[in-house]
Amino acid sequence: MRQKKHLKNLREYVEALRQIGELQPIAKQVDLHLEIGAICRRCYETGSPAPLFENIKDVEPGFRVLGAPAGVSAQPGLYLSRIALSLGLDPKATGREIVESLVEARTRKPIPPKIVPTGPCKEHILTGQQIDLTHLPAPWLHGGDGGRYLNTFGIVVARTPDGRWTNWSIARIMVLDRNRMAGIVAPNQHIGMVAKEWWDRGQDMPFALALGCEPFIPFVGGMPLPADANEADYVGAYFDEPVEVVRCETVDLEVPATTEIVVEGHLSRTERDLEGPMGEYAGYLWTGPPSPKPVYLVTAITHRSDPILPVSVAGEPVEEDHTAWGIPNAAEIVFELREKGFPVATAWSPLESANHWYAIAMDMNWRECLQYGASKLCEEMGKALFATKAGMGTPKYMIFNDDIDLSNTKELVWAFATRNYPGPRGESVFDHTSTNPLVAFLRDAEKMSMETTKVVYNCLPPDEWNGRLPKRSSFAGSYPRELQEQILRDWKEYGFRS
Ligand SMILES: Cc1cc2nc3c(=O)[nH]c(=O)nc-3n(C[C@H](O)[C@H](O)[C@H](O)COP(=O)(O)O)c2cc1C
Ligand SMILES: [Mn+2]
């Protein structure tokens with residue numbers, strides 16, 4: 001197993017960010033209303049360090065907000081450093097190493113969590129009249145949003161009534177009042193599937209919302225593991241040790257012991273209230289009236305002293321939807337396709353595509369392995385992909401040879417533009433596939449039916465080339481290695497500054 005550095009709580013992560021210049025503590029007072037959201041947005045868009053808001057107007061002193069917890073960086077060599085650190089990897093790990101680390105853990109035996117008697121999340125326990133969600137530093141993130149969002153980067157814990165499956169997932173939640181929240185509970189997401197089991201029995205669903213977990217956990221909350229798989233067991237497998245959890249106060253569930261803030265209660269079977277709109281991961285806010293969503297009825301809040309609420313401000317790339325959902329999704333695609341016998345080298349969610357494109361690279365010897373051509377490969381991969389949860393949320397897939405760096409968007413655009421044959425010869429089209437309703441181009445009827453058209457772009461060399469590949473014309477592709485090395489060595493001597 002590759003050596004990993006397991007950061008076991010959010011504060012260790014904040015410290016690790018500080019050490020590599022990826023944290024910007026902000027002592028100046030800021031407003032929950034739009035100011036925090038706008039600063040975070042600018043951080044994403046400029047690759048600035050993650051802002052840690054330490055002084056928030058009208059919020060109890062000590063309560064803090066961490067923005068852009070898994071954004072990308074403008075520091076040279078550290079583009080993916082927040083993702084890498086969250087996964088316990090070297091901050092300079094490549095996109096491919098990040099994906100492979102997630103895939104490798106999928107092949108290991110799941111390790112269930114360990115229940116410990118207590119933990120930092122129990123430092124303050126609030127029940128009954130003490131409960132006040134409006135007291136927590138949930139920011140109003142974008143102009144046009146329907147309210148203040150408490151959950152943008154925490155996990156909702158939900159367990160089936162028969163106890164066979166405990167799911168951890170991220171789904172947005174807006175504050176309604178002192179003890180009520182409302183959020184997206186999509187029927188084709190696991191939270192919706194677990195809720196249905198309770199609702200079908202005529203019962204509300206117990207939930208726990210864990211805000212501010214150790215940094216790996218949101219990545220697992222965003223990962224489309226199969227139904228009936230416990231995300232906690234995968235965290236255990238990933239670090240080769242169980243994640244420590246504590247029992248909740250008012251529901252029969254457990255949460256990670258070091259969580260900054262925990263909100264407990266029941267997701268109502270009958271009560272709905274208006275939620276949204278909210279600026280979303282595709283990069284748009286759909287204007288229009290808010291829509292009714294299931295209501296979370298809160299029965300306890302527990303928190304650490306001076307808690308830190310992590311916040312993701314969804315919108316134009318790159319933010320956490322693209323890193324903590326897109327990248328684990330790519331890993332799951334690799335795992336599932338390999339399981340089904342496809343010789344997949346790696347996959348990537350091109351971060352600038354806002355989870356609307358996925359790129360998959362085949363082992364260079366895929367033709368010998370499969371004994372069929374490129375069009376059939378795309379057809380078969382589409383069928384396999386769209387039968388899994390990993391292939392549900394994203395509409396467009398590109399299949400390449402393993403000769404480009406998929407996580408380098410410049411290379412990816414060049415390769416897609418130059419290798420895909422336009423029209424039916426280069427595209428396998430799949431109608432009526434299950435979709436996430438937030439995909440940006442969906443028509444109204446498709447949002448309701450949650451079905452759309454998906455496409456697999458064939459970016460592989462034509463079969464008739466018989467493996468005769470063109471040579472890349474570039475610094476790396478056109479010159480002897482010794483010459484490249486000499487030029488790099490002498491670069492400053494030529495007069496270039498960097
Ligand atoms: C920052 C972030 C925000 C997300 N917000 C939502 C959301 O509001 N609703 C939703 O259905 N999925 C959302 N997702 C995606 C889900 O977390 C993802 O589809 C995951 O696979 C769901 O968990 P499940 O597979 O256990 O159902 C979000 C992901 C991230 C990383
Ligand atoms: Mn799940």
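A residue is exposed if 12 or fewer other C-beta atoms lie within 10 Å of its own. The views below show a predicted model.

**View 1. Arg-164, an exposed loop residue.** Arg-164 sits in the loop between β7 (155-159) and β8. The count around Arg-164 is 10 other C-beta atoms within 10 Å, so the residue is exposed. Along the chain, Arg-164 and Val-255 are 91 residues apart. Their C-alpha atoms are separated by 17 Å.

**View 2. Domain 1 against domain 2.** The domain assignment places domain 1 at 10-311 and domain 2 at 340-465. Taken over C-alpha atoms, the two centres are 30 Å apart. In the contact zone, 15 residues of domain 1 meet 15 residues of domain 2. The domain 1 side of this zone consists of eight nonpolar, four polar and three charged residues.

**View 3. The largest nonpolar core.** This core has 141 residues. Those with the most contacts inside it are Val-99, Met-181, Val-334, Ala-347, Ala-359 and Ile-399. Helix α8 (residues 320-339) gives the largest share, nine residues. Domain 1 and domain 2 each contribute at least three residues to the core. For a closer look, take Val-99. Leaving out residues up to four places away in sequence, Val-99 touches Ile-327, Ala-330, Ala-331, Val-334, Thr-346, Ala-347 and Trp-348.

**View 4. The shell around ligand 1.** Ligand 1 is surrounded by 24 residues. The closest are Ser-169, Arg-172, His-190, Gly-222 and Trp-325. At least two shell residues come from each of β8 (166-169), α5 (190-200) and α8. The largest share, four residues, belongs to α8. Sorted by class, the shell holds 11 nonpolar, nine polar and four charged residues.

**View 5. Helix α1 and its buried face.** Helix α1 covers residues 10-19. Its buried residues are Leu-10, Tyr-13, Val-14 and Leu-17. Seen down the axis, they fall within an arc of 100°, so they line one face of α1. An α-helix has 3.6 residues a turn, so residues three or four places apart point the same way. Glu-15 and Gln-19 are exposed on the other side of α1. The cover over the buried residues of α1 includes β1 (23-26), β2 (50-53), β3 (64-67), α3 (81-86) and β16 (308-311). After α1 comes Gly-21, with a positive phi near 75°.

**View 6. Helix α11, buried on one side.** Helix α11 takes in residues 409-419, and its buried residues are Leu-412, Ala-415 and Arg-419. These residues cover an arc of only 70° around the axis, which puts them on the same side of α11. They pack against β18 (357-362) and β19 (396-401). On the other side of α11, the exposed residues are Lys-410, Val-413, Ala-417 and Thr-418.

**View 7. Ser-291 and the chain around Leu-274.** Ser-291 lies in strand β15 (residues 291-303). It has 13 C-beta neighbours inside 10 Å, so Ser-291 counts as partly exposed. Ser-291 and Leu-274 are 17 residues apart along the chain, yet their C-alpha atoms are separated by 5.1 Å. Not counting residues up to four places away in sequence, Ser-291 touches Leu-274, Glu-275 and Gly-276.

**View 8. Two cis peptide bonds.** Most peptide bonds are trans. The bond from Gly-276 to Pro-277 is cis, with omega near -5°. Pro-277 is in the loop between β14 (261-275) and β15. The bond joining Pro-317 and Val-318 is cis, with omega about 10°. Val-318 is in the loop between β16 and α8.

**View 9. Positive phi at Ala-68 and Met-450.** Most residues other than glycine have a negative phi. Ala-68 has a positive phi, near 45°. This residue lies in the loop between β3 and α3. With 30 other C-beta atoms within 10 Å, Ala-68 is buried. Met-450 is not a glycine, but its phi is positive, about 55°. Met-450 lies in the loop between α12 (444-449) and β21 (451-458). With 17 other C-beta atoms within 10 Å, Met-450 is partly exposed.

Notes:
Residues numbered from 1 in each chain as written. Chains lettered and ligands numbered in written order. Predicted model: local features only at pLDDT ≥ 70, side-chain atom pairs only at ≥ 80, totals over all residues. Domains from an automatic or database assignment. Contact = placed C-beta atoms within 7 Å. Nonpolar A, V, L, I, M, F, W, Y, C, P; charged D, E, K, R; others polar. Buried ≥ 20, exposed ≤ 12 C-beta atoms within 10 Å, placed from the backbone. Arc of directions from axis to C-beta. Core = buried A, V, L, I, M, F, W, Y, C linked by C-beta atoms within 7 Å. Near = placed C-beta within 6 Å.
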